[in-house]
Amino acid sequence: AYLPGMLKKYFGRIIFISSEWALNIPADMIPYGLSKAAVFHLAQSLSKRTSCTGVTANAVLLGPIRLTSEESRGDGEVCLTMEETLSAFSSEHHALASGFPHVATSDEVASTVLYLASAQASATTGALLHLDGAVGATRLRTN
């Protein structure tokens, strides 16, 4: 809906939030993984369509995210602890022997999206930015 106006102004940013599961679909989450794969393919296709127009299209592929202290349910507690999140994620969907060297925070996700939305990101289009806590690196090691 917004693309025609962006093209007319010769400026626009399309930013999709996807998941690392788009590249490594869990057996019990096939519809979710397929929808996330479609999102990043749409970003890459739109980037080709908008080439040389000032409009960019990118996708951020997320893995587990650590919430900042300000993000809570209202009672001061986050939904899951970091340990609970990593344990559930790794035990059900990945064989990670060494754990995650780094898990992105919600602030890091916001900073990445802010960069992609900025004028400084004019050369970044069709990109799949992985904020996945090494899930992608693990996928490469285990395949």
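**Exercise 1.** Leaving aside its neighbours within four places in sequence, which residues is Val-55 in contact with?

*Solution.* First, the ground rules. This is a predicted model, where local features need pLDDT of at least 70, side-chain atom pairs count only at pLDDT 80 or more, and totals for chains, interfaces and linings use all residues. Residues are numbered from 1 along each chain as its sequence is written, and side-chain values use heavy atoms, with hydrogens and water left out.

Now look around Val-55, taking contact as heavy atoms within 4.5 Å. Val-55 touches Leu-3, Met-6, Leu-7, Phe-11, Gly-12, Arg-13, Ile-14, Thr-50 and Thr-125.

Next, place Val-55 in a core (buried Ala, Val, Leu, Ile, Met, Phe, Trp, Tyr and Cys residues joined through side-chain atoms within 4.5 Å). The largest nonpolar core has 13 residues, and Val-55 is among those with the most contacts inside it, along with Ile-14, Phe-16, Phe-40, Leu-46 and Ala-59. Helix 1 (3-9), strand 1, helix 2 and strand 2 each give two or more residues to this core. Helices (H or I, at least four residues) and strands (E, at least two) are DSSP runs, numbered from the N terminus.

**Exercise 2.** Which residues of strand 2 point one way, and which the other?

*Solution.* Start with the general pattern: side chains in a regular strand alternate between the two faces of the sheet. Here, Val-55, Ala-57, Ala-59 and Leu-61 go one way, while Thr-56, Asn-58, Val-60 and Leu-62 go the other. Then check burial (under 20% relative accessible area with a 1.4 Å probe, protein chains only; over 50% is exposed and in between is partly exposed). Eight of the eight residues in strand 2 (residues 55-62) are buried.

**Exercise 3.** What order do the three strands of the open sheet have?

*Solution.* Find the pairs, which need at least two DSSP bridges between two strands. Strand 1 (residues 12-19) and strand 2 pair in the parallel sense over eight bridges, with Arg-13 opposite Thr-56. Strand 2 also pairs in the parallel sense with strand 3 (residues 128-131), over four bridges; there, Leu-61 has His-130 as its bridge partner. That gives the order 1-2-3. Strands 1 and 3 are at the edges with a single partner strand each, so one side of each has no neighbour in the sheet.

**Exercise 4.** Is Glu-20 buried or exposed?

*Solution.* Locate Glu-20 in the loop between strand 1 and helix 2. Glu-20 has a relative accessible area of 1%, so this residue counts as buried. Finally, its side chain makes a polar contact of 2.9 Å with that of His-130 (N or O atoms within 3.5 Å; within protein, one able to donate a hydrogen and the other to accept it, and residues adjacent in sequence counting only if both atoms are side-chain atoms).
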